[in-house]
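Colleague: Please give a close account of the aromatic pairs in this model, and then place them beside the other local features that you consider worth describing.

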Amino acid sequence: MDINQRVKGGTVLLGLLGNPVAHSISPQLHNTISDILGKDTVYVALRVQGDKLGEAVGGIKACGFLGFNITVPHKEAVIKFCDELSDDVILMGAANTVKITDDRLYAYNTDGSGFIRALKLQTGQDVKGKKIVILGAGGTARSISVKLAQEGAKSICIVNRTVEKARCIEEIINTRIHNIACSMGYEEAYSSKAIEQCDIIVNTTSLGLHPNIEGCPLDENLQLKKNQLVYDVIYKPEKTRLLRIAESFGCITANGLGMLICQGIEAYEIWMDMKIPQKALEQVFQVFIKYSRG
Ligand code: ATR
């Protein structure tokens, strides 16, 4: 819809705080969702320097925004400016969504739940009873791992170049959710055959991300099996080298576009206090598939 007809004096304000934000497709995502649902909301990207985060959050609150998303590098730092933290935010150590109600800031994290919802939508699979290997141990790995443990995964093995970071996530899961996690470096993961023997492999590292599309987190001699599912949180390129290798073994594969869309959908549902119908969800997927090409 034409912006002059769409954004009016009473339009509900939503936004994204991050740095950089120029590349972000979240504005298109959220404005598309509101178009499809016929809601009077507008979403803008706001580039905020680290030392200005408190001022920015205060300004957003003062201006009457309904809520906002937070992206790199502010997902951890934003917590100290919020009044109420969801259990996920506490376990994940980061927030990606804030809703402002009665002048109070409620922090949420929809990355993990967005991943679970996307996995189901993209592959039809759920994680209950599954043996899962997570590649990488950054913020994305932590959010996904926490949700996987809560959703009944049988085991979670976090594999990372820097093993200490994987150990931290292992400890959070084992002490605060269920005792089902382990952590190791790549060599141990290869020698123990942890990767070959799991049901689902999730890449959360940046290896293979545009423009370094030759990157791959796994040894190419690894023998995958066709009943394994490989999920790459990268969506540009549409098929990373990892996904192409997985396909050559007949594995089920999916890219991170679904996670990106679903974490946004879940944020929108929190702000608007509604459940987005399946049909609208499918329309959003249709519009965004082009962003993963190239
Ligand atoms: P995010 O917030 O998206 O999770 P991050 O916190 O920067 O991003 O984490 C990136 C992950 O990719 C880390 O696990 C990182 O490994 P280290 O913890 O050892 O740094 C992993 N990663 C990045 N480049 C890598 C590389 N060349 N080889 C192996 N792992 C890599």
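Modeller: A helix here is a DSSP run of H or I that spans at least four residues, and helices are numbered from the N terminus. The model is a predicted one. Under that definition, helix α8 covers residues 186-191. Y186 and Y190 are 4 residues apart in this helix, which means that about one helical turn separates them. With buried taken as under 20% relative accessible area, Y186 qualifies because its relative accessibility is 17%. Y190 is likewise buried, because its relative accessible area is 17%.

A search of the whole structure returns 3 aromatic pairs. One of them joins F115 and Y231, whose ring centres are 5.0 Å apart; their planes stand at 75°, so this pair is classed as edge-to-face. F115 belongs to helix α5 (residues 111-123) and Y231 to strand β11 (residues 229-232), so the pair ties together parts that are 116 residues apart in sequence. F115 counts as buried because its relative accessibility is 1%. Y231 counts as buried too, because its relative accessibility is 0%. The residues of helix α8 introduced above form another aromatic pair: Y186 and Y190 have 6.4 Å between centres and 45° between planes, and their arrangement is tilted.

A further buried position is found in helix α6, residues 139-150, which contains S145. S145 has a relative accessible area of 0%, so it is buried. A polar atom of the S145 side chain lies 2.6 Å from the backbone oxygen of A141. When neighbours within four places in sequence are left aside, the contacts of S145 are I134, I156, I158, I169 and I173. The side chain of S145 thus has a polar atom at 2.6 Å from the A141 backbone oxygen, while the residue itself is in contact with the isoleucines just listed.

The ligand brings in residues from several places in the sequence, among them G136, A137, G138, G139 and T140, together with N160, R161 and T162. K165, T205, S206 and L207 are also around the ligand. Some of these residues have polar atoms beside ligand oxygens. A polar backbone atom of G139 is 3.1 Å from an oxygen atom of the ligand. For T162, an N or O atom of the side chain is 2.4 Å from a ligand oxygen. K165 places a polar side-chain atom 2.7 Å from an oxygen atom of the ligand. Of the 640 Å² of accessible area that the ligand has on its own, the protein covers 66%.

Strand β5, residues 97-101, completes this account. Because 4 of its 5 residues are buried, β5 is largely enclosed by the rest of the structure. On one pairing, β5 runs antiparallel to strand β3 (residues 67-70), with 3 bridges between them; there, V98 in β5 stands opposite F68. On another, β5 pairs with strand β6 (residues 104-108) over 5 bridges, also in the antiparallel sense, and K99 has Y106 in β6 as its bridge partner. The strands β5 and β6 form a hairpin with 2 residues between them, in which D102 adopts a positive phi near 50°.

Note on methods: Residues numbered from 1 in each chain as written. Predicted model: local features only at pLDDT ≥ 70, side-chain atom pairs only at ≥ 80, totals over all residues. Heavy atoms only, no water. Buried < 20%, exposed > 50% of the residue type's maximum accessible area, 1.4 Å probe, protein only. Polar contact = N/O pair within 3.5 Å; in protein donor to acceptor, adjacent residues only side chain to side chain. Contact = heavy atoms within 4.5 Å. Pairing = 2+ DSSP bridges. Near = heavy atom within 4 Å. Areas by Shrake-Rupley, 256 points an atom, 1.4 Å probe, with all protein chains shown as cover. Phe/Tyr/Trp six-rings, centres within 6.5 Å; stacked < 30°, edge-to-face > 60°.
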